[in-house]
Amino acid sequence: MKTAETLEQATALAADIEAQLNRVLIGQPEVTRQVLIALITGGHVLIEGVPGLGKTLLARSLARVLKLDFQRIQFTPDLMPTDVTGHAIYDAGNATFHIRKGPAFTNLLLADEINRAPAKTQAALLEVMQERQITIEGESFSLAPPFVVLATQNPLDQEGTYPLPEAELDRFLFKILIGYPEQEDEARMLRMVLDGTLADSLDDAGLSAVTDSAGVLSLSRWAEQVLLDDAILDYLLRLARATRDHPALVQGASPRASIALARAAKSYALLDGRDFVIPDDIKAVAPPVLRHRLRLGVDAELEGQTVETVLTHLLEQVEAPRQ
């Protein structure tokens, strides 16, 4: 399996992964790129969109292309926390307890329709998302890297959904909005499905493993070495702090958001073949990093403002350093 020994190899490997994903998720290149950035950064992803847009297909394809252990949990109102993390079982014959590990013990965890389960079950992911470990009956188990939660959720105005608590939202590196494909892309998708080019089976679709966990970790190491100079860091911090002072927002970006901006921008630069961050990298990753961490005030909502419009305004208002 491929690993990256140089910056050029890292960029080429990431491009190969991206190309494989775009073969099955038609017309969503921005979504596949953002998911790949999150994976390289080592962050979790929340994908929001109506059913039928390929969210689950993307997760399954990512696991196949990267040869990662993969588990899927369908979140429902009756799902229990132990159904996610695992539990202790009493062995009457030996008069002892043994641990049955849950599906969260994996590399890539798909939490499908996460907002259909109540907060108690959603919170079962808090420890593993932040600390990469799971505690069962007082015993902690570390997860082997890489570990990424890819959660999907339906829009909150749909019936039978529960908002994610803010503490959990803040643990997601990105919130990605996936929309309908353009008509040309949808027509191409339909033709590929009808002529058998795009099959339901990933085997039939011709997806093959490009790398494995070692290759993913090598990409992460190269991303960490990307230079973020003081002028770019100052711009990033001014942008984050501007969200805390904006009159339309009652909750701005946390320090965790600033760290996420820096790390994601480094991965974005790596995908573009650079060993340094430019202001456009910050602007590219700011919406998925910040949109789920900001909260509008009631007056702003009544005026018709949205988090997206506020972010657009801030990116135009906060002056970027000259390149």
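Mentor: Helices (H or I, at least four residues) and strands (E, at least two) are taken as DSSP runs and numbered from the N terminus. By that numbering, Glu137 lies in the loop between strand 6 (133-136) and strand 7. The model is predicted, so local features need pLDDT of at least 70 and side-chain atom pairs count only at pLDDT 80 or more, while totals for chains, interfaces and linings use all residues. Residues are numbered from 1 along each chain as its sequence is written, and side-chain values use heavy atoms, with hydrogens and water left out.

Trainee: Why is Glu137 called exposed?

Mentor: A residue is buried under 20% relative accessible area, exposed over 50%, and partly exposed in between (1.4 Å probe, protein chains only). Glu137 has 68% relative accessibility and therefore counts as exposed. Its phi is positive, about 50°, although Glu137 is not a glycine.

Trainee: Which residue follows helix 3, and what is the sign of its phi?

Mentor: Lys67 follows helix 3, and its phi is positive, near 50°. Lys67 is placed in the loop between helix 3 and strand 2. With a relative accessible area of 56%, Lys67 is exposed.

Trainee: What makes Glu48 buried or exposed?

Mentor: Its relative accessible area is 16%, so Glu48 is buried. Glu48 belongs to strand 1. Contact means heavy atoms within 4.5 Å; leaving aside neighbours within four places in sequence, the contacts of Glu48 include Gln153, Asn154, Pro155 and Lys175.

Trainee: How do you know that strand 1 and strand 9 pair?

Mentor: Two strands pair if DSSP finds at least two bridges between them. Strand 1 (residues 44-48) is joined to strand 9 by five bridges, and the two run parallel. Leu46, for instance, has Lys175 as its bridge partner in strand 9.

Trainee: What is the order of the strands in the open sheet, and why do strand 2 and strand 9 stand at its edges?

Mentor: The open sheet has five strands in the order 2-5-8-1-9, with parallel pairing. Strand 2 (70-74) and strand 9 (172-177) each have a single partner strand, so one side of each is left without a neighbour in the sheet. Strand 2 is joined by five bridges to strand 5 (residues 108-112), where Leu110 is the bridge partner of Arg72.

Trainee: Why is strand 9 described as largely enclosed?

Mentor: Five of its six residues are buried, so the rest of the structure largely encloses strand 9.

Trainee: How do you know that the length of helix 1 agrees with its expected span?

Mentor: The expected span is 1.5 Å times one less than the number of residues. For the 18 residues of helix 1 (residues 7-24) that gives 26 Å, and the end C-alpha atoms are 27 Å apart, which agrees. Among the elements covering the buried residues of helix 1 are helix 2 (29-41) and helix 11 (255-271).

Trainee: Why is the pair of Phe105 and Phe141 called edge-to-face?

Mentor: Rings of Phe, Tyr and Trp (its six-membered ring) pair if their centres lie within 6.5 Å; planes under 30 degrees apart count as stacked, over 60 as edge-to-face, and the rest as tilted. Phe105 and Phe141 are 6.0 Å apart centre to centre, with 80° between the planes, and form an edge-to-face pair. Phe105 lies in the loop between strand 4 (96-101) and strand 5, and Phe141 in strand 7 (residues 139-142), so the pair ties together parts 36 residues apart in sequence. Both Phe105 and Phe141 are buried.
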